[in-house]
Amino acid sequence: MGVGETAAAVRDDEERAAGADPGGSGGLSLREATELSADEVRRITLYAQGFLGAAARRGGVTGMLRRVSAVQLDTISVLARSHELVAYARLGAVGRDAVEQAYWPARNPTTFEYWAHAACILPVADWPFYAWRRRAIAARGQRWHKVSEETCELVLSRLRDEGPLSATQLGGAKAGGPWWDWSEVKIAAEWLLDTGRAVCVRRTGWRRIYDLPERVIPGELLGHEPTDDECLSHLVGAVSRALGVAAHADFMEYQRLNGYGLQLRDSARLDEAAAAAGLVPVTVPGAKRPLSAWADPVALAWLAAGGRGSHRTTLLSPFDSLVWDRKRTLRMFGYRHLFEPYVPKEKRERGYFTMPLLAGGRMAGWVDPARSGKTLIARNVFIERPAAVAPMARALAEAAQWVACDNVIAERVQPAPLAQQLASELAALGFS
């Protein structure tokens, strides 16, 4: 059976491997949509995040970004950088160059970089609605790194006169000490970025290219200055569309709204924002009691129509928005998400860059991968149940092919009795 196999029987096997009912349960009447079960929340989230149903692949990388609303950036690169892995997890083996070009086209920018859940790639259409955050940062003032307005004006002058520039071109990113010891021009460029006087819509060799908003942000977006409440309503709506359904804590975590004048206790303001965004009030299971939440009407309509579709089997970046919220991930999938690059090697429980295995709409295991030449090395593999061995093999094989590896080695497999079965599955896919 080939790595790219998508036959219905294979999909059903993967769903059974993860303990799922193929295609999910029956349809949901919109009149009954005020109370969602845990399974319905899980499926509606997978649909919204692009892991369930054919609609997830429409529009390619650009469409994927619009749906999830934010893709986190991070410097760590194991198989690939996280922003590449997020696209791959949903779209399959799309070319890595195509992913980069979709995020950062040479002309007519479609994205910009700013603070959302963390430093993220965001749709350029959302530029006006981060004005609330830009205003809040400007009002709060500079924190750890300090820079004079004179240096800021110097950077702006150079951008006006010379066009878009990297920190290196501006005079160097570092002052000569540790990595966090930024140069004056780097501090100025980042402060201008934080407050909206500069913008990044392109990277070259992983370096931010700073530019002037009036040069790259479309005029109709640049001239739109929504109020704080309008910004909040837009962001809350984006979170609900990205997750399918979101409780107050989900809004706060997905967009990291705390720290910008909003707290979880401000539930009335969150509810007003959700209602203004056209979301539907629902009730969802919580850790101890049912929770009030807000659902995307499009996702609810999909659920009401039967909520069916093909599940994606893939390895997830630890920075994937599906698993950003560890409490929600544990509640929804029974999966304890760990991220251990900054844990001493001898104290790591799973590994450096643990990637969960999503199969059949469930978390069916995890792997700590590495690369050595043309070999993908699975240093540590955990498989939830024997039926998940085949999905793990397919996920490893597909990932290896995507990053141009022609061999896969699983060094440590848990439970140990499944090691030989995994090796046999990989061999059947052409990897030994």
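This is a friendly chat about a predicted model of a protein chain.

Student: Before I dive in, what kind of model is this, and how are residues numbered?

Tutor: The model is predicted, so local features need pLDDT of at least 70 and side-chain atom pairs count only at pLDDT 80 or more, while totals for chains, interfaces and linings use all residues. Residues are numbered from 1 along each chain as its sequence is written, and side-chain values use heavy atoms, with hydrogens and water left out.

Student: What does the chain average in pLDDT?

Tutor: The protein chain averages 89, and 90% of the residues score at least 70. pLDDT is the predictor's confidence in each residue, from 0 to 100.

Student: Where does pLDDT stay under 50?

Tutor: Residues 1-26 are one such stretch, with 56 contacts beyond four places in sequence in the model. Residues 28-33 are another, with ten contacts of that kind. Contact means heavy atoms within 4.5 Å.

Student: Let's move to the sheet with strands 7, 8 and 9. In what order do they run?

Tutor: The order is 7-9-8, in an open sheet with antiparallel pairing. Strands (E, at least two residues) and helices (H or I, at least four) are DSSP runs numbered from the N terminus, and two strands pair if DSSP finds at least two bridges between them.

Student: Which strands stand at the edges?

Tutor: Strand 7 (245-247) and strand 8 (280-284) do, and each has a single partner strand, so one side of each is left without a neighbour in the sheet. The twist averages 40° from one strand to the next. Axes here are lines fitted to C-alpha atoms, for helices over the stretch in contact, and angles run from 0 to 180 degrees between N-to-C directions.

Student: And how many bridges link strands 8 and 9?

Tutor: Five, with strand 8 and strand 9 (residues 291-295) pairing in the antiparallel sense. Within that pair, V280 stands opposite A295 in strand 9.

Student: Which helix packs on this sheet?

Tutor: Helix 12 (residues 228-243) does, touching strand 7 and strand 9, and its direction makes about 125° with that of strand 7. Its buried residues include C231, L232, L235, V236 and V239. Buried means under 20% relative accessible area, exposed over 50%, and partly exposed in between (1.4 Å probe, protein chains only).

Student: What span should helix 12 have?

Tutor: At 1.5 Å a residue, its 16 residues should span 22 Å, and the end C-alpha atoms are 23 Å apart, which agrees. The expected span is 1.5 Å times one less than the number of residues. Just after helix 12, G244 takes a positive phi of about 85°.

Student: Switching topic: how many residues of helix 9 are buried?

Tutor: Ten of its eleven residues are, so to speak, tucked away: helix 9 (residues 184-194) is mostly covered. Among the buried ones are V185, I187, W191 and L192. The buried residues pack against strand 2 (111-115), helix 6 (131-140), helix 7 (149-162), helix 8 (167-170), strand 5 (199-204) and strand 6 (207-211). Just after helix 9, G196 takes a positive phi of about 85°.

Student: You mentioned strands 5 and 6. How do they pair?

Tutor: They pair in the antiparallel sense over five bridges, and V199 stands opposite D211 in strand 6. Their hairpin has two residues between the strands, and G205 there takes a positive phi near 60°.

Student: What about W206, in the loop between those strands?

Tutor: W206 has a positive phi of about 70° although it is not a glycine. W206 is partly exposed, with a relative accessible area of 22%.

Student: OK, now R312. Buried or exposed?

Tutor: R312 counts as buried, at 14% relative accessibility. Its place is in the loop between helix 15 (297-304) and strand 10 (314-315).

Student: Which side chain does R312 join in a polar contact?

Tutor: That of E398, at 2.8 Å. A polar contact is a pair of N or O atoms within 3.5 Å; within protein, one must be able to donate a hydrogen and the other to accept it, and residues adjacent in sequence count only if both atoms are side-chain atoms. Leaving aside neighbours within four places in sequence, R312 is also in contact with residues including F51, Y88 and L358.

Student: Last one: where is the cis peptide bond you can show me?

Tutor: It joins Q414 and P415, with omega about -10°. P415 sits in the loop between strand 15 (413-414) and helix 18 (419-428).
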